[in-house]
Amino acid sequence: MPRLKPVQLSGTLSLSKTEKPTGYIFSNLSMKANSTFKSLIIIILINLSLNLSAQQAAPSCGTSDSLTTVYLEKISKQIDLTRARTSNGPLLEYRLGVDINHQTYLDYGGDIGLIRRRVYEIFREASAIFEEEMNIKLTVYHIHIWDKPEPYALATYMDYFSNVMNYWDAARPEVRDAVVGMSNRYGTFLGGNRMLTSNFPAPGQDFSVSVLCHELGHTLGSPHTHNCFWPGGPIDRCYALEGTSENCSQGFMEEPNGTIMSYCLGEMTFHPLCRNLMRSFAEGTVNPSFKLLALEEKPAAPGPISRLAGESGSTAIPAFEWYPSARASRYRVQIASDADFKGITDDTLVLQPFFRSPGLNAGSYFVRYQAQNATSSAEWSQPLAFRVEDSGTNSAPPVILSVALDQAGNIVGSFRLLSGITAYEVRTSEQWRDPEETFNLTPKGKPIETFSIQPNLPVLLRIKFRYRVLRNNQWSDWSDALNVFTIPGSIPFRSNPVMSTDPILAVRQWTPAPMAGPVSGTLQIATDPGFKNLVVDELFTHTNAPNNGLFDKKLLFPELAENTSYYLRSNIGLKTGFQSTWATGRLNTGIKDTRFTYLGIPHPPYSMHAAPAVT
């Protein structure tokens with residue numbers, strides 16, 4: 001194993017058949033596609049043990065957060081992490097260099113433009129979490145794509161960390177706070193001081209930024225949530241504790257809704273204690289050698305703007321990039337048909353130094369950008385002249401401006417209607433299955449074309465969506481496939497079971513993906529199908545969003561009459577204001593059974609939490 005510089009690492013899945021060097025903290029994430037969909041489900045508790053045994057093993061870590069624990073102990077003596085507020089300070093910028101390995105370049109067929117576009121999109125999504133929760137902006141400063149094999153080995157997960165880090169330290173002088181080595185692979189990823197590795201999506205694959213955010217959290221000093229040194233002890237116990245002592249022993253296990261630094265991710269959010277520690281670390285309070293810059297003064301003068309590297313010069317959906325302006329938190333981008341920018345076609349704000357037009361008609365154009373922050377704006381960049389030619393066969397369709405599922409189960413979306421588009425097709429399918437269902441549509445003639453279709457698919461699925469347009473009597477290419485989440489809903493787990501008069505009902509909450517809570521629900525039980533004669537009407541709220549569909553999140557203990565038929569229904573509500581429709585079911589009671597007493601849910605055996613093999 002190559003020798004490493006003394007850096008701090010932390011992370012997630014255990015390392016099998018590998019000796020861990022003392023003083024390093026490893027993060028191993030076995031990245032597999034997650035096709036689970038979540039809804040609010042009323043189940044009969046008799047199935048609980050079966051469901052628990054079907055769980056996948058929880059992520060785990062083979063070593064302790066030894067170095068980040070030092071940071072945690074130090075800052076806990078200076079700041080009360082339980083009361084600190086992360087929003088008081090100025091916006092900080094985390095400047096990142098991104099390294100894309102050669103195999104990922106080959107996986108994308110050498111399409112440098114597409115790779116760069118995915119990088120900007122990924123960090124825009126991750127930055128939104130850091131900005132909202134810690135007032136820290138992630139900015140992509142450099143993207144290095146290996147279009148030829150690397151001059152170093154990438155045989156092990158440690159190679160992806162140490163060899164990439166050594167290369168950037170020795171050969172790349174660009175300004176940065178940290179380097180992110182990204183690769184389209186399964187396996188182990190690491191996070192440490194000024195260096196981390198993360199996964200990268202395969203072409204056309206849906207992607208979650210949870211691993212990237214987790215590893216970035218380690219670079220900002222946060223240990224895992226199951227660390228004993230957090231104020232008050234471990235935040236959660238969904239995995240073997242780190243930093244145990246006589247005062248903090250392993251004890252029990254639990255299945256909570258974990259946050260980003262947890263091994264049982266349920267909320268795409270950082271725990272408040274992690275936020276406060278990471279913010280303090282970013283301000284230089286924990287480690288004076290690491291301090292992010294505040295975006296308070298006027299942004300620096302702009303540099304040149306250029307077409308996205310690797311992109312065709314005549315595409316109708318041109319993309320642009322530029323070197324980030326120091327102290328800029330956002331950029332205003334304009335495209336016009338004249339150099340004086342009187343005939344503006346696009347005028348928008350972006351957070352990364354990248355912009356892709358939704359679509360332009362054939363003609364000559366000019367593009368420029370202006371760096372901005374909360375205090376002031378810099379001058380406009382020098383405009384770049386470019387031209388868009390008439391599109392032909394195999395051209396890309398206009399960019400989808402929006403696509404989502406409404407509460408009626410319809411896919412609704414929109415795109416810019418370019419001249420010459422006389423028809424378009426939409427195809428949908430269940431995410432992992434064929435065949436596709438095709439909808440042939442005719443534009444309505446408005447500048448922004450909107451559509452609403454209703455796929456013939458079950459409600460509790462994630463839908464794959466793509467489309468193409470007929471422009472100037474030539475069909476475009478199909479768009480990249482998009483995964484459209486179905487709306488959260490409620491379904492009864494079974495109908496007409498015969499139960500005791502005191503049944504134990506477990507309410508399961510399912511949503512399309514992890515999200516920040518709270519999630520609320522309502523359970524009603526009535527003696528009539530119209531739910532006019534209610535015997536149970538219970539509203540409950542969870543501060544955490546669902547973890548995944550294998551965890552029961554609420555137990556209900558209604559007291560019902562003997563030998564009676566009841567009607568059940570439930571719904572689910574999200575933080576966004578969404579409220580699902582009711583789902584109904586039936587329940588028949590038998591005699592009152594006093595032989596058994598509910599004692600609680602046993603946790604899975606400790607061995608069930610062993611980490612899966614690294615792949």
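Two strands count as paired here if DSSP finds at least two bridges between them, and the strands themselves are DSSP runs (E, at least two residues), numbered from the N terminus just like the helices (H or I, at least four). This is a predicted model, so a local feature needs a pLDDT of at least 70 and side-chain atom pairs count only at pLDDT 80 or more, while totals for chains, interfaces and linings use all residues. Residues are numbered from 1 along each chain as its sequence is written, and side-chain values use heavy atoms, with hydrogens and water left out.

**Overview. The protein has 7 helices and 32 strands.** Of its 615 residues, 54% count as buried, meaning under 20% relative accessible area (exposed is over 50%, partly exposed in between; 1.4 Å probe, protein chains only). Take the contacts (heavy atoms within 4.5 Å) with a separation of 6 or more: 70% of them come from residues 24 or more positions apart.

**View 1. Strand 7 (residues 195-199) pairs with strand 6 and with strand 5.** Strand 6 (residues 191-192) joins strand 7 in the antiparallel sense, over 2 bridges, and here G191 sits opposite L196 of strand 7. These two strands make a hairpin with 2 residues between them, and R194 in the turn has a positive phi of about 70°. The pairing with strand 5 (residues 178-183) is parallel, over 5 bridges; M195 is the bridge partner of V179.

**View 2. Here are the two faces of strand 7, both covered.** In a regular strand the side chains alternate between the two faces of the sheet. M195, T197 and N199 are on one side, L196 and S198 on the other, and every one of them is buried. That's 5 of 5 residues for this strand.

**View 3. Strand 10 (residues 319-322) is covered on both faces too.** A319 and E321 are buried on one side, F320 and W322 on the other. Strand 9 (residues 305-307) pairs with strand 10 in the antiparallel sense over 3 bridges, with R307 bridging to F320. Strand 13 (residues 354-356) is also an antiparallel partner of strand 10, again over 3 bridges; look for E321 opposite F354.

**View 4. Helix 4 (residues 112-134) packs on helix 6 (residues 210-219) at about 55°, with the axes 10 Å apart.** That angle makes the pair oblique, the class for whatever is not roughly parallel (under 35 degrees), roughly antiparallel (over 145) or roughly perpendicular (65 to 115). Axes are lines fitted to C-alpha atoms over the stretch in contact, and angles run from 0 to 180 degrees between N-to-C directions. On the helix 4 side, I122, F123, A126, I129 and F130 meet L212, C213, L216 and G217 of helix 6. By class, this contact has 8 nonpolar residues, 1 polar and no charged ones.

**View 5. Helix 7 (residues 272-282) is largely enclosed by the rest of the structure, because 9 of its 11 residues are buried.** Among the buried ones are L273, C274, L277, M278, R279 and F281. Just after the helix comes G284, with a positive phi near 85°.

**View 6. N473 is out in a loop between strand 22 (463-471) and strand 23 (474-475).** Its relative accessibility is 70%, so N473 counts as exposed. G420 is 53 residues away from N473 in sequence, yet their C-alpha atoms are 7.9 Å apart.

Technical notes. Ala, Val, Leu, Ile, Met, Phe, Trp, Tyr, Cys and Pro count as nonpolar, Asp, Glu, Lys and Arg as charged, and the others, Gly among them, as polar.
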